[in-house]
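Me: Please take a close look at the way the helices pack in this structure, and then follow the picture outward from there. I am in my first year, so please explain each term as you use it.

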Amino acid sequence: MTSPAIELKGISKAFGPVQANKDISIAVQPGTIHGIIGENGAGKSTLMSILYGFYKADAGEIFIKGQKTAIPDSQAAIAAGIGMVFQHFKLVQNFTVLENIVLGAEDGALLRPSLGKARRELRRLEQEYELHVDPDALIENLSVGHQQRVEILKALYRQANILILDEPTGVLTPTEADQLFRILARLREEGKTIILITHKLREIMDITDTVSVMRRGEMTATVKTAETSPEQLAELMVGRKVLLRVEKAPARPGKTVLEVEDLQVTDDSGVERLKGISLNIRAGEILGIAGVAGNGQSELLEVLGGVSAAQGTIRVNGAEIDLTGKHSDGQSRRARGIAHVPEDRQSEGLIMDFQAWENVGFGYHHDPAYQKNALFMDNAALRADTARKMEKFDVRPPDPSLPAKNFSGGNQQKIVVAREIECNPDLLLVGQPTRGVDIGAIEFIHKQIIALRDEGKAILLVSVELDEIMSLSDRIAVMFDGMIMGERLPEDTNAQELGLLMAGVANGGAA
Amino acid sequence: MDIMPKWADVVLIPLISLILAAILSALVILGIGEDPVAAVKLMVTGALGSTYGWGYTLYYATNFMFTGLAVAVAFHASMFNIGGEGQAMLGGLGVALICLFVPWPHWSIAILGAIAASALFGAAWAAIPAYLQARRGSHIVITTIMFNFIAAALLNYVLVNLLRPKGAMDPATAKFPAATNLPTLHELLAPFGISFSKSAPANISLIVAVLACFGVWALIWRTRLGYEIRAFGKSESGARYAGISPFKITMLAMLISGGLAGMMAINNVMGEAERLVLNAVEGAGFIGIAVSLMGRNHPFGVFLAAILFGFLYQGGAELALWTNIPRELIVVIQALVILFTGALDNMVRIPLERMFLALRKTEG
């Protein structure tokens, strides 16, 4: 057997008291796709950052093609043939594809010769790997999927033999993800080695040859993909048996709670973000909004939650809501029985420097229960309430005085969800409820959402995770480019049909 | 988990910064051929060795408490109010007008009127930059700095052309009526049998300043407005989500900040000069920034830092008076303290954090 393309031996890395990587050893065979799966905070990104020279390991060795190699910085990583495609692309938006590819790898003081060379090289790479991109297109005009191809081309242009992709499908439509996987398969045929970091079990099963599972900084197992199952991987990730399917009874919808008619939003730069959205949700049902990030779902949530203004009509329990006035804000929405779990808990849902109890009052700080008198807030009452909610929602550690930033992602989200569900709303808006949340907490949060539905509340769920939409929703609406492309029942549709709707193909491609 | 225990953050870092500043100052004094030990002795006896010295130290500290609190309140709303100087100047104008044109029967009522007038004028001067920030996005740092210059020019005009008594040569108002003169610490402490220097300027404003420290503490950590100010200061997007109006908080925080800076005038204008002179503020508005930085924007920290800077001011004045150390060097020493406690905070903090991490590792 040939020596592995890349081999890590005994890698350890600690950040202060946190042991991010503990004695990790893997060997990745050349010409294979090796998946690394684990929950958020399991140490995947740290490991890859060590491999790419961003961090220095406290202990351990890296071997590339059997040669012991030191990787003190990213230049050394590139020289060793390692290319990295980050989750958030590192492209200059107003440069062309060609300029981005050359950036940082220019040959001399003059740009023209290197651009010419790059153009020839790009043509060769395109043919070799079937990676088609217009070299003269501006990045800002490319779709996300194409931008990702540019990142891959950038790595290949630097003669990478080992490609690391960090959560590459997070921003892609299912169709784009399929295209990416075809590209990866092609790269594997050409002898490249690929390391795929993800938390999605389906992707691991679909494309990888071998998979390593990480949990709490340790490599818990490395198995052949063909010899494992999603259930087994999930168990290895979490350390216990997990229910991958959400269990729920059929919905018993009641009267209409939310009616939205012809909602329009134009942003500051004059771009239409919502182009006449109409929908309604009844009590006791979950309407899921599927779509690729950036197609107006965020704007819809913000308008409903009172964060931004809009034209159109919104009625809650039959009464119209003021959308543009001075008092159209989060406070007035809460007063009307709308609770809002925002998409981004770190910049919106929580004040990261605030302690847990202060965050539990966030948005509800006008609640009479939290006031001592006209002048002062009743911090003791708020603390007691926080302790109760933390216990009920199993927030760990259950310490109301701990700042929000010191909780894990899942526990942060539980604090937000506890706050919004426990105020007993008529309508709950939920944005990306499980983004960056560990599997155990996902299960818990899903159960809470279902339980709220079963209490007869209306729920609007926005998520870019198609699996989440399909398993939680009672009805699914797909958004594309500020419009609703269609509505489906989860039992009558499938990922392919929804994927086409998400890509803007009307009628889901059905004839 | 926090990297350092809280006491290290609050006590140890400022202390180390101060010691570093002191060492560097000592080297500078050595460099110009003077004896640093003697200089320190002189500063300490001059500022703290007599009730006269204390009287001056506390007088300066009172000024710095007001301006320090002003900076701290704005800072909690994530705004950097550099305009304390101008706001305090305008506060002085408010005090002068109300003392000169309202016939007050007794100082105890006059001080309430003066507090209101100084706060109102200071707040009004902060309101314009606040509005420009909240509605037009003009950066508050730039506008408040500009407003310092406008305040100086305005005061110059008002003093020279409007308030200067006929025939007077200097740009200042007339003496305030005797009924508005505030009791000094000498008069306040005499009934308790404590003798305090008669000629020191510290006065009852000190008590107002201490009350203001308590008031700001209660405002920031106990009221709903304080909660909203802190939330907005930590995360504007979060505040928007929660329905906290950025406009309202920007305005209110700056009004309170400007009001506090303006209130300094009851000390320097009403309590000490008993008339309004051109350069009444003497840079206290800027010292307030250092005081707030060093006090970690906490009212108690501001209180302590204000006394420290009061000591530096008074001790520095004594040094200039009795030694060959030039007045400018005192400014250098004060600047070093500001530099170390404010700007070079991370220089001390990061090694200290590493040390605590290493300590924890050996324990664990």
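Reply: In chain B, helix H3 (residues 51-76) and helix H11 (residues 246-263) have axes that come within 7 Å and cross at roughly 175°; helices here are DSSP runs of H or I with at least four residues, strands are runs of E with at least two, and both are numbered from the N terminus. An axis is a line fitted to C-alpha atoms, for helices over the stretch in contact, and angles run from 0 to 180 degrees between N-to-C directions. The crossing makes H3(B) roughly antiparallel to H11(B) (under 35 degrees counts as roughly parallel, over 145 as roughly antiparallel, 65 to 115 as roughly perpendicular and the rest as oblique).

This is a predicted model, in which local features need pLDDT of at least 70 and side-chain atom pairs count only at pLDDT 80 or more, while totals for chains, interfaces and linings use all residues. Residues are numbered from 1 along each chain as its sequence is written, and chains are lettered from A and ligands numbered from 1 in the order in which they are written.

Among the residues that make the helix contact are Phe66(B), Leu69(B) and Val73(B) of H3(B), together with Met254(B), Ile256(B) and Leu260(B) of H11(B) (two residues are in contact if their C-beta atoms, placed from the backbone, lie within 7 Å). The residues of this contact divide into 11 nonpolar, 3 polar and no charged, where Ala, Val, Leu, Ile, Met, Phe, Trp, Tyr, Cys and Pro count as nonpolar, Asp, Glu, Lys and Arg as charged, and the others, Gly among them, as polar.

Moving outward, the contact between the chains takes 19 residues from chain B and 22 residues from chain A. On the side of chain B that touches chain A, helix H9 (224-234), helix H10 (236-242) and helix H16 (345-363) are the elements giving two or more residues, and H10(B) gives the most, with 5 residues. By class, that side of chain B has 7 nonpolar, 7 polar and 5 charged residues.

In chain A, helix packing also involves an open sheet of 4 strands, whose order is S12-S11-S14-S15 with antiparallel pairing (strands pair if DSSP finds at least two bridges between them). S12 and strand S15 (319-320) of chain A stand at the edges with a single partner strand each, so one side of each is left without a neighbour in the sheet. Helix H9 (residues 297-304) of chain A packs on this sheet, touching S11, S12 and S14 of chain A, and its direction makes about 60° with that of S12(A).
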